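The following note concerns the pockets of the model shown below. Please read each point with the structure in view.

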Amino acid sequence: MKKICLYYFSGTGMTKYVVDRLVGEIESHNIFVDCFAIDTTVRPEAMPGYDALIIAYPTHSLNAPRVVASFIARLPKVNGMNTFIVHTCSLARDENLGSSNLIIKRLGKKGYRVLYNKMVEMPSNFVNQDTEKQVIRALANANDAAALIAKDIIELKSHLPERSFGSKIFTGLARIEWLGAIIIGKFFYSKKSCTRCRKCADNCPNKNIVVKKKSIGFKLSCGICMRCMYQCPNNAIDVRRPFKFIRFDKWYDSDMFK
């Protein structure tokens with residue numbers, strides 16, 4: 001291979017962390033990687049000229065984020081292009097493996113030949129907070145995983161673990177999270193520390209945030225990627241009851257994932 005196209009989505013920066021290391025490993029073997037953020041790509045690149053495609057994203061409630069699934073539907077048709085899926089999650093379990101079910105199905109209809117479906121564990125940023133020691137260990141393991149995945153991609157190695165029937169059912173049912181995210185998103189708000197700097201609104205992948213005179217507002221297209229929380233310079237984004245128990249918090253310094 002000489003040239004690879006990589007599309008990724010990252011909310012808190014953890015998937016981008018893996019992508020950066022994956023790209024570095026591949027390019028160290030004199031293979032060029034064109035890297036594009038899914039949420040800022042208006043028109044996907046035409047695939048002729050690329051030898052392979054990589055799709056990378058974080059797992060959200062046993063599924064790929066809605067913005068990723070929508071993007072796959074916009075990809076151009078091809079004829080058997082080798083494709084690799086890499087997704088991050090806080091627990092590399094069979095249930096999370098099913099997050100690629102819809103992605104693989106849509107890619108197949110477009111003519112992409114999916115060879116690879118790999119999970120990379122990263123620190124938890126939802127419900128349960130990891131300790132500093134756990135975060136350091138997870139990042140070290142992710143570095144090792146990126147090196148191994150790069151080697152697999154370069155060698156066109158196939159890795160498609162069998163997805164159990166149960167995981168397929170749970171993944172399908174869990175897709176209701178896309179609707180739940182829209183509802184929960186309306187309960188997000190800006191605290192008094194908000195300076196209305198526009199960073200959250202400008203970087204929201206779903207264009208869900210509007211800047212008002214004295215605060216910011218949230219519309220009805222949230223994907224709960226938590227990018228607004230992790231990129232806010234004043235930690236000014238929070239969520240109201242009754243969803244406070246879910247614990248949407250900025251637990252880690254975003255600089256960790258650079």
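1. A pocket, as the word is used here, is an open set of grid points with protein on both sides within 12 Å along at least five of seven lines, and its lining residues have an atom within 4 Å of a point. The model under discussion is predicted.

2. The largest pocket holds about 760 Å³ of space. Its lining consists of 34 residues, and T59, S61, S90, N125 and F126 are the ones nearest its centre. Two or more lining residues come from each of the elements α1 (14-27), β4 (81-89), α3 (94-97), β6 (125-126) and α7 (177-185). Of the elements, α7 supplies the largest share of this lining, with 4 residues.

3. The chemical character of the lining of the largest pocket deserves attention. Sorted by class, this lining contains 16 nonpolar, 15 polar and 3 charged residues.

4. The second largest pocket has a volume of about 360 Å³. It is lined by 20 residues, and S10, G11, G13, R227 and Q231 are the closest to its centre. The elements α8 (199-203) and α9 (227-231) each give two or more residues to this lining. The largest share, 3 residues, is contributed by α9.

5. How many residues of each class line the second largest pocket? The lining has 6 nonpolar, 8 polar and 6 charged residues. The student may wish to set this beside the lining of the largest pocket, with its 16 nonpolar, 15 polar and 3 charged residues.

Notes:
Residues numbered from 1 in each chain as written. Predicted model: local features only at pLDDT ≥ 70, side-chain atom pairs only at ≥ 80, totals over all residues. Heavy atoms only, no water. 1 Å grid on protein atoms, 1.4 Å probe; cavity = no way out; pocket = protein on both sides within 12 Å on 5 of 7 lines; lining within 4 Å. Points joined across faces, edges and corners; volume = space filled by probe spheres on them. Nonpolar A, V, L, I, M, F, W, Y, C, P; charged D, E, K, R; others polar.
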